[in-house]
Amino acid sequence: MKKKSTRIRLLIALTWTIVVFMVGYCVSSIAAFERFWPGRSDTQQLSDEDISALQSTYDAIQSMYIEEVDKEQIMVGALKGMVNSLDDPYSEFLNHTEMEAVDDSIEGSFQGVGIQFVTENDYVTVISSIEDTPASRASIQPNDIILKADGTELKGLSTNEIVDMIRGPEGTEVTLTILRGETEFDVTLKRAEIPIVTVKANLDEQDATIGYVQVTQFNGTTYGEMVEAITQLREEGAERFVFDFRYNPGGLLDQALAITNMFLEDDEIIMQMEEADVEPLAYQAKDAELGDFQVTEPYVILINEGSASASEILAGAIQQNTDQPLVGEQTFGKGTVQTVFDENEYGELKLTVAKWLTPDGTWIHEEGVAPDVEVESHPINKAILLNPEDSYEDGAQSEQVTSIITILDALGYDVREANFYDTHVSQAVKAFQADHDLAEDGIVSGETTSALMQAAREYIEEHDQQYDKAVEVLNGQVKSEQSDEAEDEEELEEAA
């Protein structure tokens, strides 16, 4: 099967995924925060001695440091250091520049490469690459670690410093050093204008009764976009749906709740929130509060390791409340809740304040949500972008060579299950070159590299094993329903 993809700032942040072109975060309302997160009553107050220690350190820096230091620089550094001491990748003090990046990320478009990441243990860890961006075309994968940008180590840098190094004007390039497992390699990406479009939809090309809806994140317009997309597909003849939340890193909580409500009946539990030493609080489906638009047709949900936070809330709620299947791979595993508050002249605090749980009380943090039907993506989806300026030939062995072999195998060329560039691979390259009117030297470089990467992209567009399985499962549901209806009719006839 083939498919085509056609400040009111609130408080409770479920996901704050800093990205190269945007930042996604889930939020609820100030009223909800005041009601459900009143704060501990036994907090330790700063003593006069504590305040004096802070003041004396500040005074020493201002008066004796060998270079002049701005007060704001010291204060922001102190506030960031206080939060960093928690060793929590999702808690952070954000200065005004970082907050502007957050606001910009929710609306409009950005110039960058399309990587969504979080810093864990001082390392930049990829959550996902946004579809049809330089990062996704280069097959940057969830859990890849970005070690360097243009040769500069990223470990230990602030989020703002990392974003500044990776983002840049459209058309310029950045070379990222990636660690995948135990393999380290460089990828050069050309920055692009990346619009924020959260919902793409179309009818399946083989079966016009199937509507495909891809949701890339949850921002302020996503609920409305989904309603419009589903309504339009229904008018075009869609009778069942595949909803794709793969590589969706999360977003606004109110949107996640409203969208999940589309699939549930009133009073079914969407999720639970659990603060320290407090009983979990359930969030229930309520058409009167969250919107009365409902998905009544058969459907399948697609998930993978890039589905995080708000996507996992939706996946868990559907899995535990309905019979509709989740298809794909285990999700990312982001189960903590952040609150953004305490704005002051230096910035704002984002702090982890709670866990979120699935309807049955499961905490999926660092575990994820398991699919009902597991389908791994084709290895070609994880092939590394090859540099046309590099040369790969007989005798070579590297992650890039593994990608060459994977691509050739997927395209139908005989590589005899090679694990390095042997004579079989060389012959396969020559056959590929002959098919594309290239010099038949058995070496992957220059035009051969470009042709091979283009063929890989075309293959990926034409082959999506997870989507194909979703359609297969969806068709099986329809047959099962038809069989049940036929049995009911037979029973009625016999009774008559």
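Analyst: Let's start with a term we will need: a residue counts as buried when its relative accessible area is under 20%, and as exposed when it is over 50%. Please keep in mind that the model is predicted.

User: Thanks! To get oriented, how many helices and strands make up the secondary structure of the protein chain?

Analyst: The protein chain has 496 residues, and 50% of them count as buried. Its accessible surface is about 23500 Å², with 45% of that belonging to carbon and sulfur atoms. As for secondary structure, the chain comes to 14 helices and 22 strands.

User: Which strands stand at the edges of the sheet, each with a single partner strand?

Analyst: The sheet is open and has six strands with mixed pairing, in the order β13-β14-β15-β18-β19-β22. An edge strand has a single partner, so one side is left without a neighbour in the sheet; that is the situation of β13 and β22 (373-374).

User: How many residues form the hairpin that joins β13 to β14?

Analyst: β13 and β14 are antiparallel and pair over five bridges. One of the bridge pairs matches Leu 203 with Gly 211 in β14. The hairpin that takes the chain from β13 to β14 runs through six residues.

User: How many of the residues of β14 are buried?

Analyst: Take the two faces of the strand in turn. Ile 210, Tyr 212 and Gln 214 point one way, Gly 211, Val 213 and Val 215 point the other way, and all are buried. β14 is therefore largely enclosed by the rest of the structure, and its buried count is six of six.

User: Moving along the sheet, which residue in β18 stands opposite Asp 244?

Analyst: On one side, β14 and β15 pair in the parallel sense over five bridges, and Gln 214 has Asp 244 in β15 as its bridge partner. On the other side, β15 and β18 also run parallel, joined by four bridges. There, the β18 residue opposite Asp 244 is Leu 302.

User: Now the charges. How many residues apart in sequence are the parts that Arg 180 and Asp 144 tie together?

Analyst: Both Arg 180 and Asp 144 are buried. Their side chains form a salt bridge, with 2.8 Å between the closest N and O atoms. Arg 180 belongs to strand β10 (residues 173-180), while Asp 144 sits in the loop between α5 (134-137) and β8 (145-149), so the bridge ties together parts whose sequence separation is 36 residues.

User: And for Arg 240 and Asp 207, how many residues apart are they?

Analyst: Arg 240 and Asp 207 are both buried. They meet in a salt bridge with an N to O distance of 2.8 Å. Arg 240 is in strand β15 (residues 240-244) and Asp 207 in the loop between β13 (199-203) and β14 (210-215), so distant parts of the chain are linked across 33 residues.

User: What sequence separation do Arg 246 and Asp 464 bridge?

Analyst: Arg 246 makes a salt bridge with Asp 464, the closest N and O atoms lying 2.9 Å apart. Arg 246 is in the loop between β15 and α8 (253-261), and Asp 464 is in the loop between α13 (446-462) and α14 (465-495), so the parts tied together are separated in sequence by 218 residues.

User: Which residues are joined into one network by salt bridges that share partners?

Analyst: Arg 246 counts as buried because its relative accessibility is 10%. Asp 464 is buried too, at 13% relative accessible area. Through salt bridges with shared partners, one network joins Asp 244, Arg 246 and Asp 464.

User: How far apart in space are Thr 296 and Arg 240, C-alpha to C-alpha?

Analyst: Thr 296 lies in the loop between α9 (287-290) and β18 (299-303). With a relative accessible area of 66%, Thr 296 is exposed. Thr 296 and Arg 240 are 56 residues apart in sequence, while their C-alpha distance in space is 8.7 Å.

User: Last one: which residues form the negative surface patch?

Analyst: Let's start from Glu 68, in the loop between α2 (48-64) and α3 (71-84). Glu 68 counts as exposed because its relative accessibility is 82%. The negative patch on the surface is formed by Glu 68, Asp 70, Glu 72 and Glu 345.

Note on methods
Residues numbered from 1 in each chain as written. Predicted model: local features only at pLDDT ≥ 70, side-chain atom pairs only at ≥ 80, totals over all residues. Heavy atoms only, no water. Patch = residues over 30% accessible without salt bridge, like charges linked within 9 Å, V, L, I, M, F, W, Y side chains within 5 Å. Areas by Shrake-Rupley, 256 points an atom, 1.4 Å probe, with all protein chains shown as cover. Salt bridge = Lys/Arg side-chain N within 4 Å of Asp/Glu carboxyl O. Lys, Arg positive; Asp, Glu negative; His and termini not counted. Charge placed at Lys NZ, Arg CZ, Asp CG, Glu CD. Buried < 20%, exposed > 50% of the residue type's maximum accessible area, 1.4 Å probe, protein only. Pairing = 2+ DSSP bridges.
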